[in-house]
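Notebook open, new model on the screen. I want the overall layout written down before I chase side chains.

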Amino acid sequence: MLLGSAATANAATVRYYAIAPGVRLNVHDGPGTSYSITRVLPEGAQVPIYCQTPGSTVSGYYGTSNIWDNISNGEFVSDAYVHTGSDGYVADRCA
């Protein structure tokens, strides 16, 4: 029962963010460009950010960043392509 409550509380705090306009964004299985690409998000997609972690530095639509956004279990995108409205962290650090 406790696990369900924690999952529900976590889901309530997740926000969705738009990826950069005109961009098809690579999703990696870790926080960096050296990790395998698992899929590609279509133009106009929005992503949840469950947590964020440092990784390889990427120069993208929204500047240069080493922050990677966890958008699903084992899936990460570079924050340089996600419109969070911040140059820093907007979610908890990944454990």
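My entries below go from the whole chain to a pair of side chains.

Entry 1, what this is. I am looking at a predicted model, not an experimental one.

Entry 2, secondary structure. I counted elements and got 1 helix and 7 strands. Reading along the sequence, I noted the order α-β-β-β-β-β-β-β, so the helix leads and the strands follow.

Entry 3, burial and surface. The protein has 95 residues, and 36% of them count as buried. For the accessible surface I have about 5600 Å². Carbon and sulfur atoms account for 50% of that surface.

Entry 4, contacts. I took contacts between residues at least 6 apart in sequence and asked what share joins residues at least 24 apart. I got 47%.

Entry 5, salt bridges. How many salt bridges does a search of the whole structure find? I ran it and came back with 1. The partners are Arg39 and Glu75, whose side chains meet at 2.8 Å, N to O. This pair links distant parts of the chain: Arg39 sits in strand S3 (residues 37-41) and Glu75 in strand S7 (residues 75-78), 36 residues apart.

Entry 6, the two partners. Is Glu75 buried or exposed? I put Glu75 down as buried, because its relative accessibility is 13% and the cut-off for buried is under 20%. Arg39 comes out at 36% relative accessibility, so I logged Arg39 as partly exposed; that class runs between the 20% and 50% limits.

Note on methods. Residues numbered from 1 in each chain as written. Predicted model: local features only at pLDDT ≥ 70, side-chain atom pairs only at ≥ 80, totals over all residues. Heavy atoms only, no water. Salt bridge = Lys/Arg side-chain N within 4 Å of Asp/Glu carboxyl O. Helix = DSSP H or I, 4+ residues; strand = E, 2+ residues; numbered from the N terminus. Buried < 20%, exposed > 50% of the residue type's maximum accessible area, 1.4 Å probe, protein only. Contact = heavy atoms within 4.5 Å. Areas by Shrake-Rupley, 256 points an atom, 1.4 Å probe, with all protein chains shown as cover.
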